[in-house]
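Here are my notes for someone opening this entry for the first time. Have a look at the structure, then read the points in order.

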Amino acid sequence: MPLNDMIAITDIPRDAATDRDAWPLRHAFKNNLMALFGTAMLACAVAAAVAAQWIAPYDPAGALQVTIDDVYAPPNAAHWLGTDDAGRDVLTNLIYGARVSLTVGFFASVISVVIGGTVGMLAGFLGGRTESVLMRFTDVVLVIPDLPLAIVLVALTSPGLINVIVAIGIVGWTGTARLVRSHTLSVKQRGFVIRAHAVGAGNLRILVRHIFPFVLPLIAVNTVLVMSLAILNESTLSFLGLSDPSRISWGQMLNFAFTRGAMSAGAWWALVPPGAGIVWVVLGCSLLGYGLEHVFNPRTISHHLSAVHTTAYKDANAARQQGPDLASFVEKTPEEGRDAVPGTKLSQAPVVLEARRVSVDFTSVSGPPAHAVEDVSFVLHRGEMLGVVGESGCGKTTLMLSLLRLLPAAGRIVRGEVLLSGKNLLALDERQMADVRWKEAAVVFQGAMNALNPIRTVGDQIAEGIHRHELQAKGTDRRVCELFEMVGLAPAHRHRYPHQYSGGMRQRAMIAMALACSPRVLLADEPTTALDVMVQAQILNLLDTLRRELGLAVVLVTHDLGVVAEVCQTVLVMYGGVVTEYAHADALFSRPQHPYTRELLKAFPDLSRPEAGLVAIPGSPPPPSALPPGCRFAPRCPDVSAHCLAAQPTLHALDGEHWVRCHLVVT
Ligand code: SF4
């Protein structure tokens, strides 16, 4: 299918999209009632505090001429909210009191959240010794009660506004640190963070661009709680005489009312206004906090099945007529072929990637290491698509990730070489490796939804790899548009979020992302999983077209033999972490030599013999931590013999183009 025919349908009005694209946060904020209400409530309180000297009916510092009738006078025309025990106007105190309460609440919560957020993110992201030190210190501070510590700190200094703010701020950060650390640990494991690491993004960029936006909603909501606690703490300090006596605050008003007989005098008006002021501010912060969560995380407010609009067809049609600019992807000259273990005779084209005896272990605290991949060798030529097949748990994905050293923390490459452009990737330091990833070899990760950051537009995420490798720095947007056209997506979609894409569109976007820096090798891990048959065919056609047009060398990891039969030239069959058979696709499908391959083919529908049912292989692959002695397929093999149980077979070359690991082909 031509690329142009695969361009997806745009479903959003151009003008609306442009408006949203320019100011996505502003647009989201304007449409969020909670955020708007919260902002309005806080704005009222802040406006009253700022304009107190103009809107307050009396001067709180003015001389008082008080009579007995002015003490706890109920609301009247002269004092709309009545008076307190000293005959002062409650409304005036309420307005001026907002200044101190808001100032203490805001700045104390900022101090707490900045300290707690920084400690939590660093601990969660860096891990190891840094995490241990930071979290043990947090635990020590956490066991000290907040309020007594704040009282001691203020008492040791002097009861002034700044001292109160600092004291409340530095005792309230521990809860934030623990929350943020937990959330950072969770986000750090997400596919898009691993993908950003693979692209070559540094720690600071990953922390700021990929993790912080996910922590921000938590911080925003937490700030509300910290702020309300700060206001309550300020009230308590005022009650104990540890606040600035020259500045009236809502806490001080409550304190005066409680301690000077307002309850017994029935003067509710001395209590309710400051209490209402506190509730007003706390509620405003809550609404703003939850509203901000939606603003920063658009996935919480819209769904990928949102309304479809029609004008977007124009963009799709325009892109379809224009066609992709394949010429912009200049083919690089691959390395000349090199003599190697299995695979060199499978193609006359130059070798691009070569794996030699790659072995991967997963370490365990409770036992010996598990051998997930063992002595895997293959050769990938220019323009070749190599299918790596086998059941789940056979080591396919581990092998693929090990090629670019993207294994999870417990994974260790214990032996082997991965040769790309003449370099052994396993001998490079991390900085050199970051330069190789995406520029020379890129990955299409499994599960596009997990591999895409849901709160960043797809175009922005594709541009990340381009920026990292400083390719066409000034023409990044044009380059992103070219990539979209190349994979059959309308360029207008680049400003949209992953949840606004269909499954097929997300997979295309992942392929566009992998092509961003014109790599010569593409590692695709189950790129068609969970897609329906039609979309699956489109994605496979796309990969095949890119392979032919661009000379890409592709490693396609899949458990689907039908996919392999359709697009791959060579096939590597894996079982129990080792290669069991390696050959041309034609040879493997027409003359399978290994019993495991034959059993796999029986489980694959044969349209030429519809009467032959599907035959499942009994049992399941052995876990890497409990590999059987001898042949790893022996417990399930229909041809097993005593020899198979005693000795593991070696990979045997049948004719220089076909390799099989089975005792049967040797004896
Ligand atoms: S070595 Fe033996 S058990 Fe293993 S696949 Fe061959 S025949 Fe089966």
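1. Start with strand 1 and strand 4 (residues 411–420): they run antiparallel and are joined by 8 bridges. If you want one pair to click on, take S359, whose bridge partner in strand 4 is R415. Keep in mind throughout that this is a predicted model.

2. Now turn to the other neighbour. Strand 1 covers residues 351–362 and is joined to strand 2 by 8 bridges, again running antiparallel. Two pairs help you find your way here: V358 has V376 of strand 2 as its bridge partner, and F362 stands opposite A370 in strand 2.

3. In what order do the strands of the open sheet lie? The order is 2-1-4-5, with 4 strands and antiparallel pairing. Strand 2 (370–381) and strand 5 (423–424) each have a single partner strand, so they stand at the edges, and one side of each is left without a neighbour in the sheet.

4. On to a pair of helices. Two packed helices are described by the angle between their axes and the distance between the axes. For helix 6 (residues 128–142) and helix 9 (residues 174–188), the axes come within 9 Å and cross at roughly 145°. The crossing is left-handed.

5. Which residues make that contact? Helix 6 brings M135, T138, V141 and L142, while helix 9 brings T174, A177, R178 and R181. Sorted by type, the residues of this contact come out as 4 nonpolar, 2 polar and 2 charged.

6. I'd also pick out I211, which sits in helix 11 (residues 203–239). Is I211 buried or exposed? I211 counts as buried because 24 C-beta neighbours lie inside 10 Å, and the cut-off for that label is 20 or more.

7. Who are the partners of I211? Leaving out residues up to four places away in sequence, I211 touches M121, F125, T184, V187, K188, V193 and I206. K188 is worth a second look: K188 and I211 are 23 residues apart along the chain, and their C-alpha atoms are separated by 7.0 Å.

8. Last, the ligand. How many residues surround the ligand? There are 13, and the closest are C631, A634, C637, C644 and C662. The shell around the ligand divides into 10 nonpolar residues, 2 polar and 1 charged.

Key: Residues are numbered from 1 along each chain as its sequence is written. This is a predicted model: local features need pLDDT of at least 70, side-chain atom pairs count only at pLDDT 80 or more; totals for chains, interfaces and linings use all residues. Axes are lines fitted to C-alpha atoms, for helices over the stretch in contact, and angles run from 0 to 180 degrees between N-to-C directions. A crossing is left-handed if the near helix is turned anticlockwise from the far one by less than a right angle, and right-handed if clockwise. Two residues are in contact if their C-beta atoms, placed from the backbone, lie within 7 Å. Ala, Val, Leu, Ile, Met, Phe, Trp, Tyr, Cys and Pro count as nonpolar, Asp, Glu, Lys and Arg as charged, and the others, Gly among them, as polar. A residue is near a molecule or strand if its C-beta atom, placed from the backbone, lies within 6 Å of it. A residue is buried if 20 or more other C-beta atoms lie within 10 Å of its own, exposed if 12 or fewer, and partly exposed in between; C-beta atoms are placed from the backbone. Two strands pair if DSSP finds at least two bridges between them.
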